[in-house]
Amino acid sequence: MPDEKPKPSFGNVQSGGSSTAPAAPANAPAAPRTYTVVAGDSLSKIAKKLYGDGNKWKRIFEANRDTVKNPDLIHPGQVLKIPDA
Amino acid sequence: MVSHPLRIWSTSCLTVLAICGALAPLSACKRSEEAPAPQAAPQAVAFHVTRVDLGNAIGADKKVTAPSVSFKPSDTIYASISSEGAAANVSLSARWTFEDGQLVNESTQIIAPAGPAVTEFHISKPDGWPAGKYKLEVSANGKPAGAAEFTVTD
């Protein structure tokens, strides 16, 4: 059995940003946030990545009921709508 | 009585000159009052990303000072995203991944550009970036808008 290289942790990555363009007004309708499924993803993994809580997978499932019939079956490349946490 | 030919010529000529003199300002005036040629109205340009540059520093204009695709583990990595077009609300996202797609970071800025703009995203890792290949994918309102690849070497 080949040795698998352990995956590095990026949990302590710090990020930020700024723009020469003004920030959109807070009351402007926000564009829907999306997430593209990659190999090995599950709804709970995505919820963990994006919300920090894998138990919030149902929020993603509910927001995508039109395209996700079975919460255990999502496909790489599939684009999911991500509701606010 | 016989008219003097020279006098007839002079009178006629003066009359013609007087009419010309009276009309000249009118015609000049008419020219100046002509409506200017219609100019094409500026067309609204839809928001779109024109460039994605990477570097380890940015200037006040948010552009990377020295574009690069190779970094040291201690670098802060900046992505400078140039765009054109106006929009009331653009969700601009940067998704950084490592090697086979492992998520490094994902962040979003909601901007309202009125024209050309530069938006920067940056990431850093206090204990240093693992060596390897990385990818940045930029999306605007959830649609792919640009990408860049880079490497970190010890």
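Two residues are in contact if their C-beta atoms, placed from the backbone, lie within 7 Å. The model in these exercises is predicted.

**Exercise 1. The interface**

Describe the side of chain A that touches chain B: how many residues, from which elements, and of which classes?

Solution.
- Step 1. Count the contacts. In chain A, 26 residues are in contact with 32 residues of chain B.
- Step 2. Assign the elements. β1 (14–19) and β2 (33–36) of chain A each give two or more residues to the side that touches chain B.
- Step 3. Rank them. β1(A) gives the most, with six residues.
- Step 4. Sort by class. This side of chain A has 14 nonpolar, nine polar and three charged residues.

**Exercise 2. A strand across the chains**

Find the strand of chain B that β1(A) is joined to, then trace the pairing onward.

Solution.
- Step 1. Start at β1(A). Six bridges join β1(A) to strand β6 (residues 117–124) of chain B. The two strands run antiparallel.
- Step 2. Fix the register. Q14(A) stands opposite S124(B) in β6(B).
- Step 3. Look for another partner of β6(B). Strand β3 (residues 77–84) of chain B pairs with β6(B) over seven bridges, in the antiparallel sense.
- Step 4. Fix this register too. The bridge partner of S82(B) in β6(B) is V118(B).
- Step 5. Check burial. Of the eight residues of β6(B), seven are buried, so that strand is mostly covered, taking buried to mean 20 or more other C-beta atoms within 10 Å of a residue's own.

**Exercise 3. The five-stranded sheet**

Give the strand order of the open sheet of five strands in chain B, and name its edges.

Solution.
- Step 1. List the elements. Chain B has one helix and eight strands. From the N terminus on, they run α-β-β-β-β-β-β-β-β.
- Step 2. Read the order. The open sheet runs β2-β8-β7-β4-β5, with mixed pairing.
- Step 3. Find the edges. β2 (70–71) and β5 (102–111) of chain B each pair on one side only.
- Step 4. Examine one pair. Strands β7 (residues 132–140) and β8 (residues 143–152) of chain B pair over nine bridges in the antiparallel sense. E137(B) stands opposite A147(B) in β8(B).
- Step 5. Add the chain-wide figures. Among contacts in chain B between residues at least 6 apart in sequence, 57% join residues at least 24 apart. Of the 154 residues of chain B, 28% count as buried.

**Exercise 4. One side of a helix**

Why do the buried residues of α1(A) lie on the same side of the helix?

Solution.
- Step 1. Name the residues. In helix α1 (residues 43–51) of chain A, L43(A), I46(A) and A47(A) are buried.
- Step 2. Take their arc. They cover only 100 degrees around the axis, which puts them on the same side of α1(A).
- Step 3. Recall helix geometry. An α-helix has 3.6 residues a turn, so residues three or four places apart point the same way.
- Step 4. Find what they meet. The buried residues of α1(A) pack against β2 and α2 (57–63) of chain A.
- Step 5. Follow the chain on. G52(A) comes after α1(A), with a positive phi near 80 degrees.

**Exercise 5. Confidence**

Which elements of chain A have the lowest and the highest mean pLDDT?

Solution.
- Step 1. Take the chain. Chain A averages a pLDDT of 86, and 86% of the residues score at least 70.
- Step 2. Take the elements. β2(A) has the lowest mean pLDDT (83), and β1(A) the highest (94).

Note on methods
Residues are numbered from 1 along each chain as its sequence is written. Chains are lettered from A and ligands numbered from 1 in the order in which they are written. This is a predicted model: local features need pLDDT of at least 70, side-chain atom pairs count only at pLDDT 80 or more; totals for chains, interfaces and linings use all residues. Helices (H or I, at least four residues) and strands (E, at least two) are DSSP runs, numbered from the N terminus. Ala, Val, Leu, Ile, Met, Phe, Trp, Tyr, Cys and Pro count as nonpolar, Asp, Glu, Lys and Arg as charged, and the others, Gly among them, as polar. Two strands pair if DSSP finds at least two bridges between them. A residue is buried if 20 or more other C-beta atoms lie within 10 Å of its own, exposed if 12 or fewer, and partly exposed in between; C-beta atoms are placed from the backbone. The arc is that of the directions from the helix axis to the C-beta atoms. pLDDT is the predictor's confidence in each residue, from 0 to 100.
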